[in-house]
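Here is a short set of exercises to work through at your own pace. Try each task yourself before you read the solution below it.

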4 protein chains.
Amino acid sequence: MDNSIGKTLKMTSFGESHGRCIGVVLDGCPAGLRVDPEEIQRDLDRRRPGQSGLTTSRNEGDRLEVISGMHRGRTTGAPICMLVWNKDRDSSGYEERRWTPRPGHADWTAHVRYGGFNDYRGGGRFSGRITAGLVMTGTVAKILLRKTLGVEVFAHTIEIGNVVAGDRTVEEIKENTEGNPVRCADTEAVALMVEAIQMAAKEGDSLGGTIQCIALNMPPGVGGPVFNTLEGDISKALFAIPAVKAIEFGLGTAYSKARGYEVNDAYKLERGKITMETNNAGGVLGGISTGMPITCNVTFKPTPSIRKSQQTVDIFKMEETELLIKGRHDPCIVPRAVPVVEGMVAFILADHAIRVGMIPKVLGRDIK
Amino acid sequence: MDNSIGKTLKMTSFGESHGRCIGVVLDGCPAGLRVDPEEIQRDLDRRRPGQSGLTTSRNEGDRLEVISGMHRGRTTGAPICMLVWNKDRDSSGYEERRWTPRPGHADWTAHVRYGGFNDYRGGGRFSGRITAGLVMTGTVAKILLRKTLGVEVFAHTIEIGNVVAGDRTVEEIKENTEGNPVRCADTEAVALMVEAIQMAAKEGDSLGGTIQCIALNMPPGVGGPVFNTLEGDISKALFAIPAVKAIEFGLGTAYSKARGYEVNDAYKLERGKITMETNNAGGVLGGISTGMPITCNVTFKPTPSIRKSQQTVDIFKMEETELLIKGRHDPCIVPRAVPVVEGMVAFILADHAIRVGMIPKVLGRDIK
Amino acid sequence: MDNSIGKTLKMTSFGESHGRCIGVVLDGCPAGLRVDPEEIQRDLDRRRPGQSGLTTSRNEGDRLEVISGMHRGRTTGAPICMLVWNKDRDSSGYEERRWTPRPGHADWTAHVRYGGFNDYRGGGRFSGRITAGLVMTGTVAKILLRKTLGVEVFAHTIEIGNVVAGDRTVEEIKENTEGNPVRCADTEAVALMVEAIQMAAKEGDSLGGTIQCIALNMPPGVGGPVFNTLEGDISKALFAIPAVKAIEFGLGTAYSKARGYEVNDAYKLERGKITMETNNAGGVLGGISTGMPITCNVTFKPTPSIRKSQQTVDIFKMEETELLIKGRHDPCIVPRAVPVVEGMVAFILADHAIRVGMIPKVLGRDIK
Amino acid sequence: MDNSIGKTLKMTSFGESHGRCIGVVLDGCPAGLRVDPEEIQRDLDRRRPGQSGLTTSRNEGDRLEVISGMHRGRTTGAPICMLVWNKDRDSSGYEERRWTPRPGHADWTAHVRYGGFNDYRGGGRFSGRITAGLVMTGTVAKILLRKTLGVEVFAHTIEIGNVVAGDRTVEEIKENTEGNPVRCADTEAVALMVEAIQMAAKEGDSLGGTIQCIALNMPPGVGGPVFNTLEGDISKALFAIPAVKAIEFGLGTAYSKARGYEVNDAYKLERGKITMETNNAGGVLGGISTGMPITCNVTFKPTPSIRKSQQTVDIFKMEETELLIKGRHDPCIVPRAVPVVEGMVAFILADHAIRVGMIPKVLGRDIK
């Protein structure tokens, strides 16, 4: 249970990796928002398999279908159901290895949780493929934030394996990220990251990495304390992405070694407005946006599917065995996860902006 | 809005730092659980101010009152309202500095969010004092998990400032943690941590740190994918604790630099049961418990209240100014946060265990 | 916003009368339930237009498609998305009368609520057509209740216009209801009801009526007090059906004129089990099932679409005008609403039975 | 579980009849609302026992205490905890009749539901006393609606036993209701109602009745279709009041016998605004307010506690027995329930008005 998230803007995810489709119902989107389906399609394309030599060869066109909630190019206030049909399903192999759970995957925990009734083909509900739904919703949220508040949400890869990207300005990040297959803004790190992935792939191994997400122009005053924090809700949304294992805001884990005096963000006036000298907090204080860019880092574990023999247990015969996974897998999921991270952050920000009344329930006709 | 969390086990927090009380309503706790109020009191005492020379001198007895939901020492199935009355309130100083938000605190964001109507005294709803409510609920959850499933949840300090504790066994952690004022299981690191805190205090500065939480004996099969992950729900609950800025599960951020082959947890059989060779995943795969210990690390930023002059803005006069905070503050909040972290993790695990039916709605009379 | 209902069993509705489809996502259905799609189809057929001479001539096959959440004929524990595609859409007429709201319909309130962005064609989200989704979910709930608890949920027409059916036994209700076009168990009243509808239709007018729903074999102990009552949740679900205006449990409005002594249901023993002499309460005390049949009456207003000239306002020109509605309408919606009422009652009972643990999250393999 | 209701405005109820208190946490109330505690107290006094010769002699002062969420007479945006302490508890009698459930009460269903762990004294959570919490919340909602939208919510008794009040104008209802002990606006019916109650009381019996609630000045456009209807949410809230068994909107059950042409509310223009000729719909179309008065009728069953010997089962010995209830009871609960009904309707209207953005999250300082 509970494939839904959000309070006023709410999404419900459905679909399985090897079922008929991957979809989502987005409820509570303000009426009157003009949504260009091509903008959603572009983000689906950024996420879809087969987009570069670094990704799985499963070839899904992932063509968006909007089957409710839109009329004449605008949202109506009714729930928006969006989906992509699964086409290139190859379920062979899943029957034979049904009883030998893949290390690092959810095969075994899913089996226990659902008493063996779960659709195990391709990982079922646990597949990275379900993130197509997160992208569709996320892009609608990005459009809503942009058109009503001027908020921009974008993400980029800052670490893959041992390659750490250097800091880049917001302009560089915007300009450089989409021009390379690893979605890294540090153009010097790109070649090293590509090489690292290729080497891991060659060895049948896989790599982890880290994505940073930035939301610009978020007005101060969105969020709340206790169980209403931006950090808490963003984290919950990000952990819906398979393979995410850590979330940091602002300085993140580096706060542990810091002293208060050096990391407190001092207030200042800038053109008559209150702002801060620094943004160590990552744009959130007391769970509420400060007006500074919201920044968070999301760590992904290496793809658990590798082409190396691994030890597992045959849970039917209850004996230890070796497993060699065949099939089509990404040696590093990080580049394809970039639009998913953007989408989840945007979704939560949009939900919270509606909650505090910054985005109205019915948009003005002046919003193009 | 939304001071509630949880699905079947649900808590609603109320109260302010300088209001009349800090309280919580716990709804959905199974009927028939024998709860010893002294056990809750002990955790409140671990959290309360004034417990050692390292903490604030605000002196709150924090005596638990249970004002609903219990009858003859057992839960009845009705909502349990628990609270502590605020006694040692010193609101002087808050009026004078009402217009000069403290850097690193939520003063300014709260002002924006609530249009200046918020109770700013002592940080109001944004104060660390609200965690007394989280502890009360958390201890009930710990009792519930222990008596029904044998689950043990405990936390310990692993980093304060630049002092990093060495790895310790579960037995050492259980034995050593409560014997020292920083709640660190590495007895050699304790003195260094105490010294670091005292030095920071002397300089009017503050320190951050990291707490690790462990849940032992959690059965496999609790949690779910997508928006139902243990990681997501635990994170959301932990970010309710003021000053938390990062959450990691298992290897956490270190996964970024790892390779799949070295971090995938291989399955094995042990006395006829399926288990794993390693626990890099921190006890969670696909959002579901694996049966291995659930481990997460929580990073705290340094207490923003420091006795050093800081730059801020007088938001009434709209001019930059200097602020020197007086009052009573913890130079490092980490040691007092240990029972709060335990409580939040236990609460989410209990909620999820009820959801999947592992804990019944009415306990058997054999559960003492 | 909020097209979802339920706590552990949760449904989200989507689709519009003249959009591409009517659908629903059912989340939280226990894993392992064998669902025969033909059983759902049969209930869709009981609801669908064009099934008899008394209903609208809009001709929708309403063929069920299950696009997620099932594998090998069983539920998997994943969200179940079900839909019917809209085929026989005739949107002509809706453009021309867009600015003249139909009395008794939601045209004007929807326009105000959504700022004119709502899909007004065929009533959009406010159409009776959305109840196809409620039926799909409801039948899954009926199957779940029947296979796990032996609960049977069925409804029948007890009043249409001025024709009031006589009391019938449960056996007669089960046997007679589906054999006639008004779904009434009193075979003598059937002809009068049919005649009343035909006469109203001939005059271009419409009739209201009342449906009674009965749930047999519901075990005692399901539900709860305060905001968890069976009555409250069932009512909320039933008011999702357009045209419903009153809900009564047991004696319902007749309780107003009663005395305590004559309506209190006395307890007795029957074959060693506690039961009651009478069932005035309609199977619910304190919001909790008593073990007696759960009975509720649901009153429907006459179909607002009539072929008579009515006074309305041209909201574009802001002047009063006359409106004559063309198109295809049911002179009395009651007979087609019978499976919808069953479905909503079953859905809430199933949700509550799961909540208290009477239906497990994973079904045993012995449940066929 | 689930003692909470509401989406953006949310209340959580706690407390038991013979526990320490009856309380409520109100979350999501906009910041900046000036609340006069005396106004809440006045409604508590309208509900409290012992207010007239017709009510129980249990004497509770029911003095309001607000223990969080207010600062300087205004709401802060933080959760508002309000309670009354139980003083005049007389738990004698409850031990002795613990095993003999009272017919018409929830004793037995509660016992089954909570495995006998429930606090049975005075009905525990199932007592009418919990409605004190509903009143406290409700009055805050009434204040909020009045000050922001000019909405007035008031209720009056229209039926007790066989005495049916005649129709009265809104002005008469406002003027007459509070001047008599049965809260009936038809001054001629008052004496008959009083007499009926006294006669029932003398015979040790009890009476049911019906309350009508009216909300004036509710703007059109509040509410929504499907699972978001005003009718559904109001019903769910009203069924939280013990003894409620039927809810009707507008014509209610009389719709069953009506024809469309006679009950469709025709639109007209009045001083340039769209309104209706009649208000058969009770102010709601498609789940959304029409701008006409919202009207609903609520039927109460007779108080189940009567001073007559009744048949029950000794559930300890499992044998049939006779039960004669002593103690202090209202022969007719209806007059005291009037402010509770108002409160629940107001609460839902306020929640929905916030949801659609008609009431902002932070009130302007011009709202007194």
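**Exercise 1. A helix with two faces**

Which residues of H5(A) are buried? Work out how they are arranged around the helix, keeping in mind that this is a predicted model.

Solution. Step 1: find the helix. Helix H5 of chain A covers residues 187-202, 16 residues in total. From its first C-alpha to its last it reaches 23 Å, close to the 22 Å expected at 1.5 Å a residue.

Step 2: list the buried positions, using the cut-off of 20 or more other C-beta atoms within 10 Å. They are Ala189(A), Val190(A), Met193(A), Val194(A), Ala196(A), Ile197(A) and Ala200(A).

Step 3: look down the axis. The buried residues of H5(A) fall within an arc of 165 degrees, so they line one face of the helix. The spacing fits a general rule: an α-helix has 3.6 residues a turn, so residues three or four places apart point the same way.

Step 4: check both sides. Strand S8 (152-160) and strand S9 (163-164) of chain A are among the elements that cover the buried residues. The face turned away from the buried side carries the exposed residues Glu188(A), Glu195(A) and Lys202(A).

Step 5: look past the end. Gly204(A) follows H5(A) and has a positive phi, near 75 degrees.

**Exercise 2. Another helix of chain A**

Repeat the analysis for helix H1 (residues 37-47) of chain A.

Solution. Step 1: the buried residues of H1(A) are Ile40(A), Asp43(A), Leu44(A) and Arg47(A). Step 2: they cover an arc of only 105 degrees around the axis, which puts them on the same side of H1(A). Step 3: their packing partners in chain A are strand S7 (80-85), helix H3 (131-149) and helix H8 (334-355).

**Exercise 3. Reading a sheet**

What is the strand order of the open sheet of five strands in chain C? Then find its edges.

Solution. Step 1: the order is S1-S2-S3-S7-S4, and the pairing is antiparallel. Step 2: strand S1 (4-5) and strand S4 (65-66) of chain C are at the edges with a single partner strand each, so one side of each has no neighbour in the sheet. Step 3: take one pair in detail. Strand S2 (residues 10-15) and strand S3 (residues 21-27) of chain C run antiparallel and are joined by six bridges. In one of the pairings, Lys10(C) has Asp27(C) in S3(C) as its bridge partner.

**Exercise 4. How the copies meet**

How many residues does each of chains B and D give to their contact? Then describe how the copies are related.

Solution. Step 1: chain B gives 38 residues and chain D gives 37 residues. On the chain B side, strand S2 (10-15), strand S3 (21-27) and strand S6 (74-75) each give two or more residues. That side divides into 12 nonpolar, 18 polar and eight charged residues.

Step 2: superpose. A turn of 180 degrees with a shift of 0.0 Å along the axis lays chain B on chain D with an RMSD of 0.0 Å. The same surface serves both copies, as 97% of the contact residues of chain B recur in chain D.

Step 3: try chains C and D. Here too, a turn of 180 degrees and a shift of 0.0 Å along the axis give an RMSD of 0.0 Å. These two copies are thus related as by a two-fold rotation axis.

Terms used
Residues numbered from 1 in each chain as written. Chains lettered and ligands numbered in written order. Predicted model: local features only at pLDDT ≥ 70, side-chain atom pairs only at ≥ 80, totals over all residues. Contact = placed C-beta atoms within 7 Å. Helix = DSSP H or I, 4+ residues; strand = E, 2+ residues; numbered from the N terminus. Nonpolar A, V, L, I, M, F, W, Y, C, P; charged D, E, K, R; others polar. Least-squares fit on C-alpha atoms with pLDDT ≥ 70 in both. Pairing = 2+ DSSP bridges. Expected span 1.5 Å × (residues − 1). Buried ≥ 20, exposed ≤ 12 C-beta atoms within 10 Å, placed from the backbone. Arc of directions from axis to C-beta.
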